Amino acid sequence: MSELSVFRAPTIEAEIRVPGDKSMSHRAVLLSAISNGVCVVRGFLPSHDCQCTVNAMRNFGITIEQPEETTLIIHGQRGNLHPPSQAIDCGNSGTLMRLLCGLVATQPFESRLVGDGSLSSRPMRRVIEPLTQMGASIDALGANGAAPLVIRGARLRPIRYELPMASAQVKSAILFAALRASGKTTVVEPFPTRDHTERMMSYFLVQSQREKLGQGIAISLYGDQVPESRDFTVPGDISSAAFWLVAAAAQEDSDLLVRDIGLNKTRTGILSVLLRMGARVREVIADCDQREPRGEVRIQGGRLRGTIIAGDEVPNVVDEIPILAVAGALAHGKTVICDAKELRVKETDRLAAIATNLTAMGVEVVELDDGLEIYGGSPLLGARVKSYGDHRVAMAFAIAGMFARDQTVIQDTDCIATSYPGFPEQLQRFLAPDEKPPTLVINPAEALEKN
Ligand code: S3P
């Protein structure tokens with residue numbers, strides 16, 4: 001089991017890129033696989049989670065070539081999958097398992113979806129309920145409606161479904177199912193959540209409608225549609241950039257430019273929060289060609305102050321709460337995070353994990369049922385903390401370690417590879433910016449010849 005050792009870091013002055021967006025990488029593979037032809041996906045995130053999606057679709061008979069780690073050539077089969085010869089391993093990925101439920105619920109065969117220990121304890125009733133209403137049959141073999149899931153697909157009927165919680169994964173599962181249902185399906189979300197599925201479907205020429213409904217949005221989609229094959233280039237993941245954005249924001253004189261990241265409004269809440277906390281943030285949208293705004297963000301550090309994160313802002317920063325809690329600990333005054341009960345059912349109970357780790361680093365924290373109160377501004381103490389097998393907890397506390405008085409060790413950090421391969425190396429570059437990176441010898445035989 002690997003660990004990361006982190007010590008106080010110098011000021012950040014850098015220009016970086018981050019790996020491809022996780023949510024878009026999953027969706028690009030799934031939509032391409034059910035499209036009517038060959039699609040090239042560039043900028044794909046080669047993380048464990050997304051690689052599970054590639055393997056899953058291969059198990060359903062889709063040919064996927066991967067000439068480079070970040071490039072996929074996917075041969076769409078018009079939504080006709082083959083019965084898999086084995087259980088589909090979704091690894092640690094809730095996004096894959098839930099979206100796949102929607103997709104395989106339309107197939108005339110039985111599929112079995114399994115996941116690791118963390119995924120096998122996450123709630124799946126939230127997708128089972130609407131898909132069952134549409135006519136699929138799904139058995140949850142785990143405790144309390146959790147995986148393994150056995151899904152027998154069918155010709156689905158359309159439904160109108162009001163999501164009981166703001167969840168892009170549940171919305172997307174229904175939209176994938178709706179593509180092959182027999183009429184108009186409508187999903188109503190209480191608050192807007194990330195809309196990558198809707199945008200990507202529209203880019204693949206799927207017809208749908210959006211309508212504002214109170215604080216939320218109703219999305220309607222007509223069945224019997226085959227997505228038109230398209231090439232897609234995935235922008236960098238703002239949720240991965242978030243770690244460095246906070247590291248720069250919390251340090252006066254830091255100046256960080258992140259190039260080529262996704263700047264979809266349903267994901268940029270982190271920028272508004274950091275602006276409110278006192279960082280200087282400049283966001284430039286350079287391009288929206290594939291229906292997804294992308295561009296660059298420059299952030300300059302300052303003296304941060306506490307803030308409140310609540311209500312409809314929470315779904316927008318749902319994956320950034322661990323690192324925003326660290327920002328709260330580094331800011332002066334009180335930071336309150338509430339309406340965030342969903343964090344209790346992520347890769348781990350993130351509210352409990354954050355509270356335990358911040359306390360170990362000497363921060364005063366009150367754990368609420370649906371959030372946290374953080375009293376920031378006192379110096380962080382170095383500590384040995386756990387990741388709880390959760391990639392975002394591991395990375396958030398690596399950033400906290402950059403501000404601690406002495407060494408911080410984050411235990412069990414293999415999980416970082418589920419979303420951000422290359423994070424430890426990037427961290428190392430920030431911790432010791434003047435150290436020259438070791439010369440990379442790709443082929444030792446070639447290097448010997450040159451000598
Ligand atoms: C995701 C949606 C969010 C987020 C997850 C990725 C997606 O989950 O936390 O990391 O790609 O749709 P919920 O929709 O369950 O909140």
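Student: Which residue in β5 is the bridge partner of Arg42?

Tutor: Bear in mind that this is a predicted model. Strands β3 (residues 38-42) and β5 (residues 71-75) run antiparallel and are joined by five bridges. In β5, Arg42 has as its bridge partner Thr71.

Student: OK, and which strands are the edge strands of the open sheet with the order β4-β5-β3-β14?

Tutor: That open sheet has four strands with mixed pairing. An edge strand here pairs on one side only. The two that do so are β4 (63-68) and β14 (232-233).

Student: Helix α1 lies across that sheet's strands, so to speak; at about what angle does α1 run to β5?

Tutor: Helix α1 covers residues 22-33. The strands α1 lies across are β3, β4, β5 and β14. Relative to β5, the helix runs at about 25°.

Student: Over to the helices: are α10 and α12 roughly parallel or roughly antiparallel to each other?

Tutor: Helix α10 (residues 321-330) and helix α12 (residues 391-401) have axes 8 Å apart and pack at an angle of about 20°. Angles under 35 degrees count as roughly parallel. The verdict for α10 and α12 is therefore roughly parallel.

Student: How many charged residues does the contact of α10 with α12 have?

Tutor: From α10 come Pro322, Ile323 and Val326, which meet Arg392, Ala396, Phe397, Ile399 and Ala400 in α12. By class, that contact has seven nonpolar residues and no polar ones, and the number of charged residues is one.

Student: What about α10 and α11: is the crossing left-handed or right-handed?

Tutor: The axes of α10 and helix α11 (residues 350-360) come within 10 Å and cross at roughly 30°. These two helices are therefore roughly parallel to each other. As for the hand of the crossing, α10 passes α11 in one that is right-handed.

Student: Which residues of α11 make the contact with α10?

Tutor: On the α10 side you have Ile321, Pro322, Ala325 and Ala329. By class, the contact has six nonpolar, no polar and one charged residues. The α11 side is made up of Arg350, Ile354 and Leu358.

Student: Which residue in β19 does Ile308 stand opposite?

Tutor: Strand β18 (residues 308-309) and strand β19 (residues 333-337) run parallel, joined by two bridges. In β19, the residue opposite Ile308 is Val336.

Student: And in β21, which residue is the bridge partner of Lys334?

Tutor: β19 also pairs with strand β21 (residues 371-376). That pairing is antiparallel, over five bridges. The bridge partner of Lys334 in β21 is Tyr375.

How values were computed. Residues are numbered from 1 along each chain as its sequence is written. This is a predicted model: local features need pLDDT of at least 70, side-chain atom pairs count only at pLDDT 80 or more; totals for chains, interfaces and linings use all residues. Side-chain values use heavy atoms; hydrogens and water are left out. Axes are lines fitted to C-alpha atoms, for helices over the stretch in contact, and angles run from 0 to 180 degrees between N-to-C directions. Angles under 35 degrees count as roughly parallel, over 145 as roughly antiparallel, 65 to 115 as roughly perpendicular and the rest as oblique. Contact means heavy atoms within 4.5 Å. Ala, Val, Leu, Ile, Met, Phe, Trp, Tyr, Cys and Pro count as nonpolar, Asp, Glu, Lys and Arg as charged, and the others, Gly among them, as polar. Two strands pair if DSSP finds at least two bridges between them. A crossing is left-handed if the near helix is turned anticlockwise from the far one by less than a right angle, and right-handed if clockwise.
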